[in-house]
Amino acid sequence: MIAYVLRRLLWGVVVIVVLTFTTFAVFQLIPYNPGYILDGPDATPSQLRAADRKLGVDRSIWHQYGSFLWRIVHGNLGTSFAGRRLNAELAAALPVTGVLV
């Protein structure tokens with residue numbers, strides 16, 4: 001029984017890692033520059049570089065993925081482009097979702 005539980009937990013970890021990597025990879029394949037979204041289409045190249053540095057997209061893919069996992073493990077889901085914390089947005093929607101389920 002203990003072996004079964006451990007095997008299930010191990011597969012759960014594998015599924016979570018594959019899911020997070022797939023999500024991260026899909027967002028990396030989208031052809032956009034987050035600096036344009038933050039600073040607008042009239043942003044200068046130096047403003048775009050500053051936005052890339054602020055968001056961490058100027059770092060290697062593996063460093064970005066590591067930061068992505070670190071934030072998720074610590075409960076920091078980030079900030080929307082509107083400037084609101086996603087944790088607060090999800091917490092506000094959770095009671096309504098619970099009623100529907």
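Only 13% of the 101 residues in the protein are buried, and that figure sets the scene for the rest of this predicted model. The overall dimensions tell a related story: the radius of gyration comes out at 18 Å, where a compact globule of 101 residues would have one near 13 Å. Laid along its principal axes, the C-alpha trace covers about 60 × 35 × 20 Å. The accessible surface adds up to about 8,200 Å², and carbon and sulfur atoms account for 70% of that.

As for secondary structure, there are 5 helices and 0 strands, so the order from the N terminus on reads simply α-α-α-α-α. Of the contacts between residues at least 6 apart in sequence, 35% link residues that are at least 24 apart. On the charge side, the tally is 9 positive and 5 negative side chains. The centres of these two sets sit 14 Å from each other.

Turning to individual positions, threonine 20 belongs to helix 1, which takes in residues 2-29. With a relative accessible area of 13%, threonine 20 falls under the 20% cut-off and therefore counts as buried. Leaving aside residues up to four places away in sequence, threonine 20 is in touch with Tyr65, Phe68 and Leu69. Those three partners lie within the residue range of helix 4, which runs over 61-73.

Helix 4 itself is 13 residues in length. From its first C-alpha to its last, helix 4 reaches 18 Å, close to the 18 Å expected at 1.5 Å a residue. Just after helix 4 comes glycine 75, whose phi is positive at about 80 degrees.

Glutamine 64 is another helix 4 residue worth a look. Its relative accessibility is 12%, so glutamine 64 goes down as buried too. Again setting aside residues up to four places away in sequence, the contacts of glutamine 64 are Phe24, Gln28, Gly56, Val57 and Arg59. Among them, Phe24 and Gln28 have numbers inside the 2-29 range of helix 1. Between them, threonine 20 and glutamine 64 thus give two views of contacts joining helix 1 and helix 4.Serine 60 offers a contrasting case, as a residue of the loop between helix 3 (45-55) and helix 4. Here the relative accessible area is 42%, which makes serine 60 partly exposed. Serine 60 and isoleucine 37 are separated by 23 residues in sequence, and their C-alpha atoms are 21 Å apart in space.

Note on methods. Residues numbered from 1 in each chain as written. Heavy atoms only, no water. Helix = DSSP H or I, 4+ residues; strand = E, 2+ residues; numbered from the N terminus. Rg over C-alpha atoms; globule rule 2.2 N^0.38 Å. Buried < 20%, exposed > 50% of the residue type's maximum accessible area, 1.4 Å probe, protein only. Contact = heavy atoms within 4.5 Å. Areas by Shrake-Rupley, 256 points an atom, 1.4 Å probe, with all protein chains shown as cover. Lys, Arg positive; Asp, Glu negative; His and termini not counted. Charge placed at Lys NZ, Arg CZ, Asp CG, Glu CD. Expected span 1.5 Å × (residues − 1).
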